[in-house]
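Dear colleague,

I am passing on the structure we spoke about, and below it you will find what came out of going through it. Please keep it open beside you while you read.

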Protein chains: 2
Amino acid sequence: MRYSEIFGKTLKNIPADIQLPSHQLLVKGGFIRQVSSGRFAILPLGYLVSEKVVNIIDAKMRELGSLRIETPTLHPIEIWKKTNRDQAFGDLMHVVEDHREAKFALGATAEGLMTELVKAENPTYRDFPILIHQFSQKFRDEMRPRGGLLRVREFMMKDAYSFHTTEDDLKEWYQKYFDAYLEIAKSLDLTVVPVVADSGAIGGDYNHEFMVESASGEDLFVKCESCHSAWSLEKLEKDENKKFEDGDACPKCESGALKFTRSIEWGHTFNQGQFYSIPHKANFVDQDGAQKPLWQGAYGIGIGRTMATVVETHHDDKGIMWPKNLAPYKVHLTSLGPSEEVSELADKVYSDFNENGTTVLFDDRNVHPGEKLQDMDLIGIPFRVVISTRSIGGGGVEVSYRDNEKSDVVPASQIADLLNSFYT
Amino acid sequence: MRYSEIFGKTLKNIPADIQLPSHQLLVKGGFIRQVSSGRFAILPLGYLVSEKVVNIIDAKMRELGSLRIETPTLHPIEIWKKTNRDQAFGDLMHVVEDHREAKFALGATAEGLMTELVKAENPTYRDFPILIHQFSQKFRDEMRPRGGLLRVREFMMKDAYSFHTTEDDLKEWYQKYFDAYLEIAKSLDLTVVPVVADSGAIGGDYNHEFMVESASGEDLFVKCESCHSAWSLEKLEKDENKKFEDGDACPKCESGALKFTRSIEWGHTFNQGQFYSIPHKANFVDQDGAQKPLWQGAYGIGIGRTMATVVETHHDDKGIMWPKNLAPYKVHLTSLGPSEEVSELADKVYSDFNENGTTVLFDDRNVHPGEKLQDMDLIGIPFRVVISTRSIGGGGVEVSYRDNEKSDVVPASQIADLLNSFYT
C-alpha cells in the first residue's frame, strides 16, 4: 500500500482534551476519528489492526467448538423485561421506538436474545453443549465516554454464549473459555490478571474480569501478595461490606497485604447459572423426559478496547509499537530524499514485497525526511526498511526495528531473510 | 462438522404465513430464524454462507483499490438534516434519542457520514480518488417486511463510497464499480440485468439497479426488445410521466416492444455528483489552490438479500441448490442405517476430509434414512457422499451431485479426485 493512497493520514495537532496515550496515538497515527462523543470511525489503517484482533479471537472461539452467528441489533424490549434488566441497565440502555410504537433496546449485550434463540429450537439433552458467538456492534449510553476507544457509546464486541444441561458441565466449559481468554491475551501480547469481579447488570453466579495493568485504566484490582487471591476492588468491597486501602490485610488469608493496581478491564467471563433460563422459561428435555432449565455462561471482549489496551501497553514517547501479530502491515518502507537512484530502488523493493505477498506500507511521499521518520515511529510497524542516498552508499537499505535502536545497512537481497527471521 | 453438533436443525413445519421459497427453505434448512418482524438471526449454517458472500464482495472491492473501514451505527441527526434526508426517508428512518436528548439516526445508508469523514481530513487533489467501503448493519423501519431476508428492517450491507475531484473521474470510476458488480454477480452465480433506476431518497444524478429475474421479486424492470434499453418501471414512468404496460412501444427507439420482467433488486450503484458535497460544504484544495466541492458515488449490496436471491434462483421442490462458491460446506457426508461397518467407514471418510482441510457436514444422526436424505436435499450442498450397507456392497461410497440425479458408487479412495474435479 502506498501511503499517499491511504485514507486518513497522520496528524500533527490534535484537540487538547485528548489525554490518554492510546487515544492520542490512534488519532495522530490516522487509525481512528471521532464522529460524535463516544462514537468512532475506524479508518483503513485501524481497520487492518481490528481485523487481526477479530481473527485471533474468532479462531480461538472456533477452536473451542463455538459456532459463529449474527443476531439483530434491535431487541424487542420484552426480552429485557423478563429479567428486569431494562431497569438494571437503566440510562445506559438506548431504547428506540419504531413507527408502530413498538419498543426495542439497542443491544448492549445479548444474553436474553440468545436464551430465546436457544429456547425456540426446543432442544433436547443431545444438543448440548451449545456454543455460539458473534461480532456485533454494542451500545451503551455512557454518561462520560473517555479515553478514545477505552470507554465508548458503541463498539464492536465479541460476545460468546454457552448453554449446558448441568451446572458441572457449565463449570467445565467456563474453565475452557477462561483458559482460551488467557491464550488470546498472549496472542495479543497483553499481560492479563484474571480477578473475581462483580457481575453488575449482566447478572449471574460468578464471573472474572481479565485486567491489564495500566496507569490509564479506570479500574483497580486488588491482589493479595501472600495467597494471590485477586478481586476487582468493587467486588471485594461489596463482598466484605467495607472499604479497603492499598496495603490492608487480605480478608481471605488474613496474613498477606493487599496490593492495588490501576488497570483496564480487557475481557469478562460470566457463569450465569440459571439467571436467564428460569425467567425466560428456557428449558431442555432431559434423558428422563423432564423439562429442565438450562445452565449458561457468557464471554465478552471489546475489539476497540483491545486495540486501545494494546496501544496503552505498547508505546513510547514517539508513537505506537504494535506487536508482530497486530501490526497493520508487516513492513514500513520509506524512501528519503529526491534522488532518482533512491526512488528506483524503493520502487523495486516495494514491488518485490508485493510479489512475495508481504504486506507493506510504502511511504512514497515527497516530504521532509524528518517527517517521514517521525510518522514511521508514530504508526509503529515493527519492521522497517529505509532507503536513502546514505543507505545506498553504505551497501543498500537500512533495516531497523521499532522496539530497539539497532539498525543495519544490508543489500536489498537480504531483506527477505531478515523479515522471515523476525516474523517466525 | 458433525450435524448433531450444529446449532439450528432442519424443521419439518414452519408457519403457514411464510410464502416465498427462499424464506421457506432458509428457515426449514436451519439457516435463519426470525427474532421479530423483519429482524432475523443468522444461524451457524447461514453464517457460513453469508461469510462467503462477504468475502467475495470484499475481495472485489479491495481489488478495485477500496479500503475497508468501520463507522458508527448512530449518526448525529444533523448530518441527515444537511440534505433534508431525514424528511426524504421519513418513517423509514429509525431515530433514537439518548439520555442527553441528542437525536441520532440509525444508519439507513451512510453517504452523509462518509462525506463528513472525508471533509474532516481536509483533502487536497493529491489524495484522490478516495475509495472506502464497510460491511455494517443498516436499518429501515419498513411498513411491511416480507419474504424473509428479501425485505427486512435491519440487514448487513456492503456500502462503498468513492470521492473524486472531477465529474469525469467519478464517471470513470462509476463504470469500474459497475463492472465489478457484474463480476461479483457472476461469482455469486446470479444473472443480473443493470437497469436505469430512480435514486429515491438516496439522491444523485443517475444510478443503476442490478436486477435478478424472479417470480418472487417485488420490482418490475422494463427492457426494450429492439434497442435493449432497460429501466426500472418506476424510473421509466417517472421520466416519461405516464403509465406503461407490457408490450407498449419503447419511448427511446420508438420501434421496439417493452418487455416487463418481475425481479429482485440485488445491488444498486449511484452517481451522486455533488448532491452531498455542496450542502455538506465538503471541499478539496485543487492544484490551483482553490476550494472545490467533491464528486462522489455510492455502491450498495445487501448480504442477506443476496443469500435470499441466490436461493430464489437456485432451488427445486426438494430444497436449496447452493452454487459451489457459496455452499456452507464443500461436502455433505451421510451414513445410513445402524450397521457398524457403515459407521466405521463413515468415521474414516469424515476424518480423512478433516485431515485434508476439506470442509464437511457429517450427518451422524441415528434417524431414519429417508429423513437424512430429505435433509441433504433441503440443505443443498452440491457434492454429497452417502455411505450405506448397499454402497459398501456396491464397492464403497455413493457420490452424488445436488443438481442432477446422477450418482456413482466408487471406492472411498476415489472421493478426493472426484471432489477436486468438481470444485475446479
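B:Cys253 is partly exposed, with a relative accessible area of 28%, whereas B:Cys224 is buried, its relative accessible area being 0%. Please bear in mind from the start that this is a predicted model. Why are these two cysteines not joined by a disulfide? The sulfur of B:Cys253 has its closest cysteine sulfur in B:Cys224, at 3.6 Å, which is too far for a bond, because a disulfide requires the two sulfur atoms to lie within 2.5 Å. By that rule, the count over all chains comes to zero disulfides.

B:Cys224 also brings us to a set of paired strands, since strand β11 of chain B covers residues 219-224. On one hand, β11(B) pairs with strand β13 of chain B (residues 258-271) in the antiparallel sense, over six bridges, and within this pairing B:Val222 has B:Phe260 as its bridge partner. On the other hand, β11(B) pairs with strand β12 of chain B (residues 230-232), again in the antiparallel sense and over three bridges, with B:Phe221 standing opposite B:Ser232. The hairpin of β11(B) and β12(B) has five residues between its strands, and there B:His228 takes a positive phi near 65 degrees.

Further along chain B you will find an open sheet of five strands, in the order β20-β19-β21-β22-β23, with mixed pairing. Its edge strands are β20 (360-363) and β23 (407-410), each of which pairs on one side only. On average, neighbouring strands of this sheet are turned by 20 degrees against each other, direction ignored. Strand β22 (residues 397-401) is joined to β23(B) by four bridges, and the two run antiparallel; in this pairing, B:Ser400 has B:Ser407 as its bridge partner. Helix α11 of chain B (residues 369-379) lies across β19 (331-335), β20 and β21 (383-387), running at about 175 degrees to β19(B).

Finally, there is the question of how the two chains are related: what turn lays chain A on chain B? A turn of 180 degrees, with a shift of 0.0 Å along the axis, does so with an RMSD of 0.0 Å, which means that the relation is that of a two-fold axis. In chain A, the C-alpha nearest this axis belongs to A:Val96, 2.6 Å from it. The same surface serves both copies, as 100% of the contact residues of chain A recur in chain B.

With best wishes

Note on methods. Residues are numbered from 1 along each chain as its sequence is written. Chains are lettered from A and ligands numbered from 1 in the order in which they are written. This is a predicted model: local features need pLDDT of at least 70, side-chain atom pairs count only at pLDDT 80 or more; totals for chains, interfaces and linings use all residues. Side-chain values use heavy atoms; hydrogens and water are left out. Two strands pair if DSSP finds at least two bridges between them. Axes are lines fitted to C-alpha atoms, for helices over the stretch in contact, and angles run from 0 to 180 degrees between N-to-C directions. Contact means heavy atoms within 4.5 Å. Buried means under 20% relative accessible area, exposed over 50%, partly exposed in between (1.4 Å probe, protein chains only). Copies are superposed by least squares on the C-alpha atoms of residues with pLDDT of at least 70 in both.
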